[in-house]
Amino acid sequence: MDIDLMDKKLEEIKNKSSVKILAIESSCDETSVAIVENGRKVLSCVIDTQIEIHKRFGGVVPEVASRNHILAIDNVCNEALKQASLTFDDIDAIAVTYGAGLLGALLVGVNYAKGLAYALKKPLLAINHIKGHIASNYISHNDLTPPFTCLLISGGHTAILDVQSYTNFTKIGSTVDDAVGEAFDKVARVMGLCYPGGVSIDNYAKKGEPNINFAHKNILAGSYNFSFSGIKTAVINYVHNKKQKGEDINIPDISASFQSFVVNELASKTLKAMKALNSKKLVVAGGVSANSFLKKELTKKSEELGFKLFMPELKYCTDNAAMIGSMAYYELLGGMKSADLSLTAKSTLPL
Ligand code: KG4
Ligand code: ZN
């Protein structure tokens, strides 16, 4: 791979009126390929989800995920080109999630992307999955531009970010233990609900009342950091206690109580941070942004307090390659250089 030539191509692409990026995402249990024009227009986005495969194990089994990515990726890529009525010749650059995520799963996408970039002689953009989640909002909201405050809530991350530009962020607060999605998944699991737990809890909570006060200490009151392991343990202990006594558990009420605590925690700390930053724009990103109660609460707050709220469309809340294609465009404009064949996957990445 002639890296100087690739960087020259990237410079030329920057001046084009239409930049088409083919993006690949395989960090967890979704194999996805998308073609995105100028960071905003999704020409196609194919997502092959493995949820049904992992359901029977109660969570994602990394080795199983990697094997299924291998089986799916070529078909998913061809389907993405077909749906966009394009061929590889029409593509300006290849983008791929290289972290954070499951190492074996990421490697499938990274190696496929390297193969494509090498064979097609196209530049390769290595994209951070978490930044991609933020960019999912640029697809859903064409008028959205930085600066803004971002509440980033996924299965692996929970943070409040001050987003100054498309590529510059400052972390204002983050979780000191479990990510919020992880807490949803673990609480769902103890109640025997199906994977992914966040969706199950969201659905059950609609039929319940938030009438259980789980005993826990909020050690981080007053800071912008979150802790979800206390509430998670409180729910797990509550469920075990009930089961030991042979009593039934009320899944809708437990779900509503847990969800209400978590949403209040997320909302109150984010709003406090926005006040301190004098921010009038809130962007929510990551899988947990699909939560219906969170959406309701934040919408109410945005009307009460007069700030603008942006949340991704449901299909772009969880993992997808369109958000990677969007972020890749802004990284390109920001001066990102082409990766070469030494690119490898990273299970963790700083923002
Ligand atoms: O962003 P994502 O697809 O993957 C990561 O990058 O981690 O997020 C997955 C997480 C899972 O923990 C899942 O339970 C949670 O998002 N999730 C939800 C909902 N839909 C997905 N959590 C709460 N309510 C939902 N409706
Ligand atoms: Zn994700």
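**Figure 1. Strands β9 and β10 pair in parallel.** Three views follow the sheet of this predicted model, starting here. The two strands, β9 and β10, are joined by 3 bridges. Within this pairing, V283 has F310 of β10 as its bridge partner.

**Figure 2. Five strands form an open sheet.** The strand order is β8-β7-β6-β9-β10, and the pairing is mixed. β8 and β10 (308–310) are the edge strands, each pairing on one side only. From one strand to the next, the twist averages 20°.

**Figure 3. Strand β6 pairs with β7 and with β9.** β6 and β7 (residues 158–163) run antiparallel, with 6 bridges between them. A hairpin of 4 residues connects β6 to β7. I153 faces T158 of β7, standing opposite that residue. With β9 (residues 281–285) the pairing is parallel, and 4 bridges join the strands. Here L151 stands opposite V284 of β9.

**Figure 4. Both sets of β6 side chains are buried.** β6 spans residues 148–153, and 6 of its 6 residues are buried. In a regular strand, side chains alternate between the two faces of the sheet. F148, C150 and L152 point one way from β6. T149, L151 and I153 point the other way. Neither group is left uncovered: all are buried.

**Figure 5. S174 lies in strand β8.** This strand covers residues 169–174. Is S174 buried or exposed? S174 counts as buried because its relative accessibility is 18%, and the cut-off for buried is under 20%. Beyond its neighbours within four places in sequence, S174 is in contact with T158 and A159. Y224, N225 and F226 are also in contact with S174. T158 appears in the β6–β7 view too, standing opposite I153.

**Figure 6. Two histidines and an aspartate bind the zinc ion (ligand 2).** The protein donors are H129 (NE2), H133 (NE2) and D319 (OD). They lie 2.0 to 2.1 Å from the zinc ion. Along the chain, the donors follow the spacing H-x3-H-x185-D. H129 sits in helix α5 (residues 129–140), whereas D319 is in the loop between α11 (314–317) and α12 (322–333), so the pair ties together parts that are 190 residues apart in sequence. H129 and D319 are both buried.

Note on methods: Residues are numbered from 1 along each chain as its sequence is written. Chains are lettered from A and ligands numbered from 1 in the order in which they are written. This is a predicted model: local features need pLDDT of at least 70, side-chain atom pairs count only at pLDDT 80 or more; totals for chains, interfaces and linings use all residues. Side-chain values use heavy atoms; hydrogens and water are left out. Buried means under 20% relative accessible area, exposed over 50%, partly exposed in between (1.4 Å probe, protein chains only). Two strands pair if DSSP finds at least two bridges between them. Contact means heavy atoms within 4.5 Å. Axes are lines fitted to C-alpha atoms, for helices over the stretch in contact, and angles run from 0 to 180 degrees between N-to-C directions. Donors are N, O and S atoms within 2.8 Å of the metal (3.2 Å for Na, K and Ca); water is not among the atoms, so sites may look incomplete.
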